[in-house]
Amino acid sequence: VSQLEVELYGFREKLSPAEGGLGRYQHCVNAINLIWPDTIWNPWLTRQLESLCEYQWVSWTGCAASGKTYASSLYAMVWWLSNPTKSSVMLASTTAKMIRKRAWANIQQLHRASREKFPGNLVDSKTTLQSTKGDDKAAIFAVAVLDGATSKAVANIQGIHSERVLCIID
């Protein structure tokens, strides 16, 4: 078992020190440092990742360029990687153009920059990172949610029945 597998397991199972782990946040940090050793840590990134690791529902406000989209994309990659064949991550933004500029650009960059060979099949034309080629369910994928099109947005989200589901709205 590799160190990365240990960290991803501890992250996924939320192993506390009492259970022989380091806590979800520390396992997340360790996994990030193994996969993306050039990550630049700052107080905002630290607090954002801590909140994602500790709470089921998270909402942030903040100034532009404070790293909100990057932190959520980074977390999504670790969360998905901890069990990719049983996980679906949906990234939502206002339009297809904006999702490509925001979260999907981060997913692409993180996929390319990973030190470890990042698993999965990146299909840019579908804004999807599949766990297995052709599998759009166990994947990280982007969805556009236009203003006033609530019924279409709900239709895009319905039908995701993976064992693990993470939704990030930017």
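Me: Before we start, what counts as a contact here?
Reply: Happy to set that out, as the packing below rests on it. The model is a predicted one. Two residues are in contact when they have heavy atoms within 4.5 Å.

Me: Thanks! Which elements do the buried residues of helix 2 pack against?
Reply: Helix 2 covers residues 24-35, and its buried residues include Arg24, Cys28 and Ile35. Following their packing leads to four helices and a strand: helix 1 (3-12), helix 3 (43-54), helix 4 (68-81), helix 6 (103-113) and strand 5 (164-169).

Me: Why is helix 2 largely enclosed by the rest of the structure?
Reply: Helix 2 has 12 residues. Among the buried ones are Tyr25, His27, Val29 and Ile32. Helix 2 is largely enclosed because the number of its residues that are buried is nine of the 12.

Me: What is the nearest side chain of opposite charge to arginine 24, and how many Å away is it?
Reply: Arginine 24 lies in helix 2 and is buried, yet has no salt bridge. A salt bridge needs a nitrogen-to-oxygen distance within 4 Å. The nearest side chain of opposite charge is glutamate 54, at 7.6 Å.

Me: Which element gives the largest share of the largest nonpolar core?
Reply: That core has 36 residues, and those with the most contacts inside it are Trp36, Tyr75 and Leu91. Elements giving two or more residues to the core include helix 1, helix 2 and strand 1 (87-93). The largest share, nine residues, comes from helix 4.

Me: Which residues of helix 2 does tyrosine 75 contact?
Reply: Setting aside neighbours within four places in sequence, tyrosine 75 is in contact with residues including Phe11, Leu49 and Leu166. Its contacts also include two buried residues of helix 2, Arg24 and Cys28.

Terms used:
Residues are numbered from 1 along each chain as its sequence is written. This is a predicted model: local features need pLDDT of at least 70, side-chain atom pairs count only at pLDDT 80 or more; totals for chains, interfaces and linings use all residues. Side-chain values use heavy atoms; hydrogens and water are left out. The expected span of a helix is 1.5 Å times one less than its number of residues. Buried means under 20% relative accessible area, exposed over 50%, partly exposed in between (1.4 Å probe, protein chains only). Lys and Arg count as positive and Asp and Glu as negative; His and the chain ends are not counted. A nonpolar core is a set of buried Ala, Val, Leu, Ile, Met, Phe, Trp, Tyr and Cys residues joined through side-chain atoms within 4.5 Å.
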